[in-house]
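Here are some short exercises to work through with the model open beside you. Try each task before reading its solution.

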Amino acid sequence: MKIDILSLFPSMFDGVFGESILNKAAEKGAVEYNVTDFRQFAGNKHNSVDDYPYGGGAGMVLKPEPIFQAVRHLTEKTSSTPRVILMCPQGERFNQKKAEELAGEDHLIFICGHYEGYDERIREHLVTDEISIGDFVLTGGELGAMVVTDSVVRLLPEVLGNEESAVKDSFSSGLLEHPHYTRPSDYDGMKVPEVLLSGNHAKIDAWRMKESLYRTYTRRPDLLEQMELSDQQINWLKEFKNNVE
């Protein structure tokens with residue numbers, strides 16, 4: 001996968017792409033990162049990329065020319081059609097399903113804005129996706145692009161040490177992930193559940209499935225509204241509700 005970032009502050013990405021899983025993914029050849037300062041495509045003597053909004057109002061608006069020119073530059077030698085993603089609080093709420101969708105692409109281009117907003121022609125004629133990481137406003141799109149990139153890259157083949165890790169993540173199955181424990185089995189009187197020490201994998205799988213459902217029921221019940229539950233899961237939910245009552 002190739003990931004291009006258009007940003008006025010490219011150095012913000014140095015630490016993120018140079019460490020941990022994202023760096024290892026690049027070393028393995030699973031992904032190539034490129035961060036471009038789109039100010040170089042401003043085309044004016046002051047290299048300005050923003051201007052006052054037509055009709056008046058507070059703040060400055062990102063001009064269309066630099067961003068259009070930057071995207072054209074990044075795509076003029078590519079054979080595949082990239083997904084051009086606008087990081088924006090008005091966009092689609094990002095989730096695991098979207099991460100899995102983007103992980104199947106060959107080329108992603110992220111546009112990180114600043115100031116009051118984007119010229120609307122960027123939305124209408126250039127981007128394929130608008131993404132928001134939550135109902136809040138940041139000073140720019142860089143942090144959002146980092147979050148989306150991290151969640152996508154870890155899903156690429158052979159990036160994680162254990163291929164099952166991504167499959168069993170919270171949200172991948174529609175449920176929150178079950179609790180985890182490791183050694184020691186007894187720490188200061190706090191003990192690991194006996195079933196996990198039993199060696200009975202069928203019972204362990206059932207315990208994990210039930211705990212995953214319970215954690216979702218108590219923390220994110222809205223997720224259950226979108227799921228088709230098995231008969232066993234429905235019975236467990238009834239048990240949870242009876243215990244609360």
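**Exercise 1.** Find the strand that holds Asp4, and work out which side chain makes a polar contact with Asp4.

*Solution.* In this predicted model, start at strand 1, residues 2-6, where Asp4 is found. Next, look for a partner of opposite charge: Asp4 is buried but has no salt bridge, and the nearest such side chain, Lys2, is 4.0 Å away. Now turn to polar contacts: the side chains of Asp4 and Asn34 are joined by one of 2.7 Å. Finally, list the neighbours beyond four places in sequence; among them are Leu74, His107 and Phe110.

**Exercise 2.** Which strands does strand 5 pair with, and what stands opposite Ile85?

*Solution.* Strand 5 (residues 83-93) runs parallel to strand 6 (residues 107-112), with five bridges between them. Ile85 has Phe110 opposite it in strand 6. To get from strand 5 to strand 6, the chain passes through helix 4 (residues 96-102) in a right-handed β-α-β crossover. Strand 5 also runs parallel to strand 8 (residues 129-132), again joined by five bridges. There, Ile85 has Asp129 as its bridge partner.

**Exercise 3.** Is Arg83 buried or exposed, and which side chain meets Arg83 in a salt bridge?

*Solution.* With a relative accessible area of 14%, Arg83 falls under the 20% cut-off, so Arg83 is buried. The salt-bridge partner is Glu105, at 2.8 Å from N to O. Glu105 sits in the loop between helix 4 and strand 6, 22 residues from Arg83. Both belong to a network of salt bridges that also includes Glu92, Lys98, Glu101 and Asp129.

Methods: Residues numbered from 1 in each chain as written. Predicted model: local features only at pLDDT ≥ 70, side-chain atom pairs only at ≥ 80, totals over all residues. Heavy atoms only, no water. Pairing = 2+ DSSP bridges. Helix = DSSP H or I, 4+ residues; strand = E, 2+ residues; numbered from the N terminus. Right-handed = clockwise from strand over helix to strand, strands pointing away. Buried < 20%, exposed > 50% of the residue type's maximum accessible area, 1.4 Å probe, protein only. Lys, Arg positive; Asp, Glu negative; His and termini not counted. Polar contact = N/O pair within 3.5 Å; in protein donor to acceptor, adjacent residues only side chain to side chain. Contact = heavy atoms within 4.5 Å.
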